[in-house]
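Thank you for making time this morning; I would like to walk you slowly through one structure, and I will try to explain the words as we need them. Please have the sequence and the model open beside you while I talk.

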Amino acid sequence: MKLKICKKKLVITAAMLSLLTLPAVAGGNGNAGENSNAGGNGNGVSKGLLGLNLEEVVTTLDASEITSSLGLPSLPVLDSIFELDNEILIQGANVGLLKQLIKKIGGVSTHDLPLVNGIGIRVSDLQLKILKKMPGVISITENQAVYTSSALDHCLVYGSHVVDLSSNKIRWNIYNARDMQANAKEMTFNWPESLGNVRSVKFNGSTVYWSLFGRHNGELTLDAYDLRRNGNLDAFESATVELTFSRSKARNYDQGDFSMNVEFEENCDRTLVKGYDTQANDNDSNSYFVNNIGADELHDKGITGKDVTVAVIDSGLWAQHQALNKNTNNRDRILAAYDAISDSEVAPNQMTDENSHGTHITGIIANSDRAVVNGKTRSFYRGVAPDANLVVVKAFYEDGHSTYLDALRGLQYIADNHEQHNIRVVNLSFGAPPRSNYWADPINQAVMGLWEKDVVVVTSAGNTGPKAMTIGVPANVPYVISVGAISDNYTQDNPNDDTLLSFSSQGPTHEAFIKPDLVAPGGHMFSLANEDMYVPSKFPQYMVGDDRFIMSGTSQASGVVSGVVALMLQNDPSLSANDVKCRLMSSTTMAQVDGRLAYSPFQQGSGSINAIKAIESARTGCANNGMDIAADLSGEQHYMGAARMDENGNYYIKGFEFEVWEEAFMWDEAFMWDEAFMWDEAFMWDEAFMWDEAFMWDEAFMWDEAFMWDEAFMWDEAFMWDEAHMNQENFMLQE
């Protein structure tokens, strides 16, 4: 049922909300009473300074008149651009007028962003004060940091996927990638019983367990008491864990026969080693995700993403690697490469990736090498869509960070070139914490603008789970496809023990939308990288051979989904963005245990992706219904989802029924969601997690303080971006 809201009341409420959150932004104006247009036509202009609109301010006043009318001192003559030490985004009625305004007050324009009706600028402290005095004329957004999704992981303790086996010992490494100590509180080991008992456990050379006559039957757990002295890792410290057995047959086994789980006091849990038998085999590709989602069968039918262009905005690409620059027919397929940081076109095969994240994600999407399993070359490929064309946009630095302005410039490039290069899909494996309602965030406005142009936007949900309401920007945009991550638990042929990765961010969003939309493989993902890149250089133990690297995260899961979308669009190029989302979500499988959901919809969305069913689906009209993206962008109206919170703080779904699918897998070992996600069993969904109506934003809908962002995008002090974006660890290597 659609909520009926009085338009006048909505306008008043929206205006009140804007005072509580942040100022209206052109290109996605937060006030229903404003008339700025995200499409960039600049038809409506707010009244503001001295009762003048932006055009009148620019054409009738000089700089001295502007400062005097605002009670500010005259603008000094600046000797150097380095005195313009504030980088910001301003949005208004017209990009040309914004440029004139900045030129008038002596600032410098750095980024042209008509997609959001804005420009990036550099200004001095006094110039910034002038701009902040024009809230009815322009909107100001801090140039916040944006990170690859893996950079936002809360754990940052990693372990080697490869175990060292000797006659009666096994060893493997763990590493604390945080700037604080990690304190182990429990370790659990499993091994073949024929190896006898564990004689000793050493942590970084210090004995934490020793027994001459112990009986453990293949499993040993050490608790916080056992680990109290030597179970800690200092900041950025690595350690070797060693088990010695009473019998000397360890080399007769594969590393998949051993496992270690370590739990840290800092709410961090890692399962280590438990890998495939071929995990360390240089000749094997181990692209298990291709088989897991059924893409291997589609490859055999000739569905490989041919003639569909996927754009990836990330840290760049190792474009000289043949599996990336050539398709399966050995033809060039990188159509364009753009460096959004330097604002320059790059020769396609000369694009570089100093970090590895962009290469890793793009390899998951489009690696054109044949898969090799148990030493045998197979008929399918290592990438999900090995014949997809590519447009590469570098917007992230070596350490994995970017800024709002550079990310927006990358999105602008896609908008400007999507028709020329037939860009149908864009992968965004990055995020930032929400600081406003979804419609007021500039990156979200740009993403919505692309969706309106019928570009399918696939985003990673983020790695900041498992708590509720941890979905980041731009995954919190209700229109786009937001992806969480699952793992096959190292048992590729057994879907019954697949698990949701604990770090996968969870909904609902602040506007009550149920996210992620679906989940896809994201654990222990083999893809391309080389040892000279930033991440592999710090973690060489995750390199396999010369060009493969293991990472985990929702970034990788979104790459899987982007590849599937390319397969869908090759099969049916007429699909709209909403059709793609509809078919993806209506063809998923929800995890259940004993007939009940194994995970809540706020954790797994509509369920796990299935490429074959998505291709075969004929569903239409079942995604983003009841929402008008043009009206949302213009500020005419905004929407809320169906999530609600009861009096006990538990989330439930308002007014919709749900039925567990008959074909759903029984994930026997999947954990049940915690109490924060329980809802009354009377609330059931219709099939495939689809509902027909979105809700108009209801002024009565506020839970706790979730919707309060007190001046989150307003500048209170000068912003020095050189000190604001450093992030030393930008990856998720192990689930």
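Let me begin with a term: two strands are said to pair if DSSP finds at least two bridges between them. Please also keep in mind that what you see is a predicted model.

With that term in hand, we can look at an open sheet of 4 strands, whose order is 2-3-1-4 and whose pairing is antiparallel. At the edges stand strand 2, residues 108-113, and strand 4, and because each of them has a single partner strand, one side of each is left without a neighbour in the sheet. The neighbouring strands of this sheet are turned against each other by 30° on average, if we ignore direction.

Let us stay with strand 1 for a while. It pairs with strand 3, residues 118-123, in the antiparallel sense over 6 bridges, and in that pairing Glu-87 stands opposite Arg-122. Strand 1 is also joined by 4 bridges to strand 4, residues 139-142, and these two again run antiparallel. On that side Gln-91 has Ser-139 as its bridge partner, while Ile-90 stands opposite Ile-140.

Where do the side chains of strand 1 point? As a general rule, in a regular strand the side chains alternate between the two faces of the sheet. Here Asn-86, Ile-88 and Ile-90 point one way, whereas Glu-87, Leu-89 and Gln-91 point the other way, and all of these residues are buried. For strand 1, residues 86-91, that makes 6 of the 6 residues buried, so the strand is largely enclosed by the rest of the structure. Part of the surroundings is helix 5, residues 125-132, which lies across strand 1, strand 3 and strand 4 and runs at about 140° to strand 3.

Now we step back to the whole chain. The protein chain has 17 helices and 38 strands, and buried residues make up 62% of its 735 residues. If we take the contacts between residues at least 6 apart in sequence, 79% of them join residues at least 24 apart.

One example of distant parts of the sequence coming together is Leu-54, which lies in helix 2, residues 54-60. The C-alpha atoms of Leu-54 and Met-134 are separated by 9.2 Å, although the two residues are 80 residues apart along the chain. Is Leu-54 buried or exposed? Its relative accessibility is 0%, and since anything under 20% is called buried, Leu-54 counts as buried.

The next topic is the nonpolar interior. In soluble globular proteins, nonpolar side chains tend to be buried together. The largest nonpolar core in this model has 105 residues, and those with the most contacts inside it are Leu-411, Ile-414 and Leu-584. Helix 13, residues 554-571, gives the largest share of this core, namely 9 residues. Apart from this core lies another one, of 28 residues, which includes Ala-184, Val-201, Ala-239 and Val-262.

Ile-414 deserves a closer look. Leaving out residues up to four places away in sequence, Ile-414 touches Ala-311, Ile-313, Val-391, Val-393, Ile-423, Val-426 and Leu-450.

Let us also check the geometry of helix 10, residues 404-417. At 1.5 Å a residue, its 14 residues should span 20 Å, and the end C-alpha atoms are 20 Å apart, which agrees. Of these 14 residues 13 are buried, so helix 10 is largely enclosed by the rest of the structure.

A further open sheet, of 3 strands, has the order 30-32-31 with antiparallel pairing. Its edge strands are strand 30, residues 525-528, and strand 31, residues 543-544, each of which pairs on one side only. Strand 30 is joined to strand 32, residues 548-551, by 4 bridges, and Ser-527 stands opposite Phe-549 there. Helix 9, residues 357-366, lies across strand 30 and strand 32, running at about 110° to strand 30.

I will finish with a residue in a loop. Ser-287 sits between strand 16, residues 268-272, and helix 6, residues 288-292. With a relative accessible area of 6%, Ser-287 is buried. What does the side chain of Ser-287 reach at 3.3 Å? The partner is the backbone oxygen of Arg-382.

Key
Residues are numbered from 1 along each chain as its sequence is written. This is a predicted model: local features need pLDDT of at least 70, side-chain atom pairs count only at pLDDT 80 or more; totals for chains, interfaces and linings use all residues. Side-chain values use heavy atoms; hydrogens and water are left out. The expected span of a helix is 1.5 Å times one less than its number of residues. Buried means under 20% relative accessible area, exposed over 50%, partly exposed in between (1.4 Å probe, protein chains only). A nonpolar core is a set of buried Ala, Val, Leu, Ile, Met, Phe, Trp, Tyr and Cys residues joined through side-chain atoms within 4.5 Å. Contact means heavy atoms within 4.5 Å. Axes are lines fitted to C-alpha atoms, for helices over the stretch in contact, and angles run from 0 to 180 degrees between N-to-C directions. A polar contact is a pair of N or O atoms within 3.5 Å; within protein, one must be able to donate a hydrogen and the other to accept it, and residues adjacent in sequence count only if both atoms are side-chain atoms.
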